[in-house]
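Please look through the structure shown here slowly, one part at a time, and keep it in view while you read the paragraphs that follow.

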Amino acid sequence: MSYKPVLTRTWWLKHRAFKAYMLREATVLPLLFFLLTLCCGIYALWQGPSQWQAWQITMKHPAVLAINSLALVASLYHAWTFFQLFPRVMPIRLGSKTLPAQVLIAGQWAGLVAVFVLFTWLFRGSL
Amino acid sequence: MINVKVARYLPEQSAAPFVQEFKVPYDASTSVLDALNYIKEELDPSLSFRWSCRMAICGSCGVMANGIPKLGCKVFLRDYEQGLLLEPLAHLPVERDLIVDMDAFLKHLEAVKPYLINNETTAVKSATTHQQTPAQLGKYKQFANCINCGLCYSACPQFGLNPEFLGPAAITLAHRYNLDSRDQGKAARMPLLNTAEGPWACTFVGFCSDVCPQQVDPAAAVNQSKVESAKDMLIQLFKGKL
Ligand code: SF4
Ligand code: FES
């Protein structure tokens, strides 16, 4: 005698929190494109210098640049959400106190900046 | 006066649910539960809904208020001046008006063995006092504040899509006992938590924690359980049991 409403495909449009969740999950799409271009790059490198140069030219195409910039922004957004969730998933306890979430979040951003600086330094000549 | 729309379901009158509108007087202290009681006493005695403590501790007055799971006694009409639609808690079968069948939820709670398990004999048990330090208590205290209201299940799209998913409160409860220094039941709870219906079905939407009236943060407990489950699987692997 009971009824149960079924969840429609558009359930995630019903609330801001669900839309934010879908946006977070969708950040993988431009990232997939970036990974694809990266794989093509490795393949082109293996094929020889002319292919490699062709790939480099393709990578400079405005559309490719635009999608890859989007991938960068999307990854940073995903990182932002991830860094915030991390202290809740892996709280660090010292005795009876929990390390404040802000400290862990700041630590992760510091890590990201460190990696960025390291890679800029490694590739400083080739850019 | 505020227009309060209520989703009605009277199976003996019509097979389909319908929405009925009521005009309810209010002041700054009129809760949504007060509004429901006003409707039942003054306007339509056939309206059915659950409540008991009217102070956000029994967990029985959960409803969807404009699509968001809320405790009726903890939200106020003054915050819904643009109008209010009350519906039964989402993702659970509706039996009548605002009354849902909580069976699936209660079964999941039961399934995780939510009680202290230890191997001590009864004689040892009655002789020991099981003292806990503040640090030991602090490990699980937040997760012990759950009042079993079920709001988190109505907030969870994964439970809505798959009612077999153990869900936020049940996994939180399992985690709460696993973290308790007096408990030795983790090995008995992990097999269920390691299944596809355990924490791994969670995609960290996180809305369960937003709606929780007790700040339990079930999403954190569920995702900490993923870490525990992964550790457990690794240990089983090294022991050659997988
Ligand atoms: S975790 Fe919070 S929302 Fe879920 S049942 Fe417990 S008190 Fe209610
Ligand atoms: S009536 Fe008890 S929680 Fe609302």
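How many aromatic pairs does the structure hold over all chains? Over all chains there are 12 aromatic pairs, and it should be kept in mind from the start that this count, like everything below, comes from a predicted model. One of these pairs is formed by A:Phe82 and A:Phe83, whose rings meet edge-to-face, with 6.5 Å from centre to centre and 75° between the planes. A:Phe82 has a relative accessible area of 45%, and therefore it is partly exposed, whereas A:Phe83, at 10% relative accessibility, counts as buried because the limit for that word is under 20%. A:Phe83 also forms an edge-to-face pair with A:Trp109, and here the centres are 4.9 Å apart and the planes stand at 85° to each other. Since A:Phe83 lies in helix H4 of chain A and A:Trp109 lies in helix H5 of chain A, this pair ties together parts that are 26 residues apart in sequence. A:Trp109 itself is partly exposed, with a relative accessible area of 28%. Together with A:Phe86, the residues A:Phe82, A:Phe83 and A:Trp109 form one aromatic cluster.

The two helices just named can now be followed as whole elements. Helix H4 of chain A covers residues 62-89 and helix H5 of chain A covers residues 101-122, and their axes come within 8 Å of each other and cross at roughly 145°. The crossing of H4(A) and H5(A) is right-handed. On the side of H4(A), the contact is made by A:Leu76, A:Ala79, A:Trp80, A:Phe82, A:Phe83, A:Gln84, A:Phe86 and A:Pro87, while H5(A) contributes A:Ala101, A:Leu104, A:Ile105, A:Gln108, A:Trp109 and A:Leu112. Sorted by character, the residues of this contact divide into 12 nonpolar and two polar ones, with no charged residue.

In chain B, a helix shows how buried and exposed residues can be arranged. Which residues of helix H2 of chain B, residues 103-111, are buried? They are B:Phe105, B:His108 and B:Leu109, and because they cover an arc of only 100° around the axis, they are on the same side of H2(B). The face turned away from this buried side carries the exposed residues B:Lys107 and B:Glu110. The buried residues of H2(B) pack against three helices of chain B, namely H5 (151-155), H6 (157-161) and H7 (168-178). After H2(B) comes B:Lys113, which has a positive phi near 55°.

Two loop residues of chain B complete the tour. B:Ser31 sits in the loop between strand E2 (18-24) and H1 of chain B, and its relative accessibility is 4%, so it counts as buried. Apart from its neighbours within four places in sequence, B:Ser31 is in contact with B:Gly72, B:Cys73, B:Val75, B:Phe76 and B:Leu77. B:Cys53 is found in the loop between helix H1 (32-43) and strand E3 (62-65) of chain B, and at 15% relative accessibility B:Cys53 counts as buried. The C-alpha atom of B:Cys53 is separated by 31 Å from that of B:Gln13, a residue 40 places away along the chain.

Conventions: Residues are numbered from 1 along each chain as its sequence is written. Chains are lettered from A and ligands numbered from 1 in the order in which they are written. This is a predicted model: local features need pLDDT of at least 70, side-chain atom pairs count only at pLDDT 80 or more; totals for chains, interfaces and linings use all residues. Side-chain values use heavy atoms; hydrogens and water are left out. Axes are lines fitted to C-alpha atoms, for helices over the stretch in contact, and angles run from 0 to 180 degrees between N-to-C directions. Helices (H or I, at least four residues) and strands (E, at least two) are DSSP runs, numbered from the N terminus. A crossing is left-handed if the near helix is turned anticlockwise from the far one by less than a right angle, and right-handed if clockwise. Contact means heavy atoms within 4.5 Å. Ala, Val, Leu, Ile, Met, Phe, Trp, Tyr, Cys and Pro count as nonpolar, Asp, Glu, Lys and Arg as charged, and the others, Gly among them, as polar. Buried means under 20% relative accessible area, exposed over 50%, partly exposed in between (1.4 Å probe, protein chains only). The arc is that of the directions from the helix axis to the C-beta atoms. Rings of Phe, Tyr and Trp (its six-membered ring) pair if their centres lie within 6.5 Å; planes under 30 degrees apart count as stacked, over 60 as edge-to-face and the rest as tilted.
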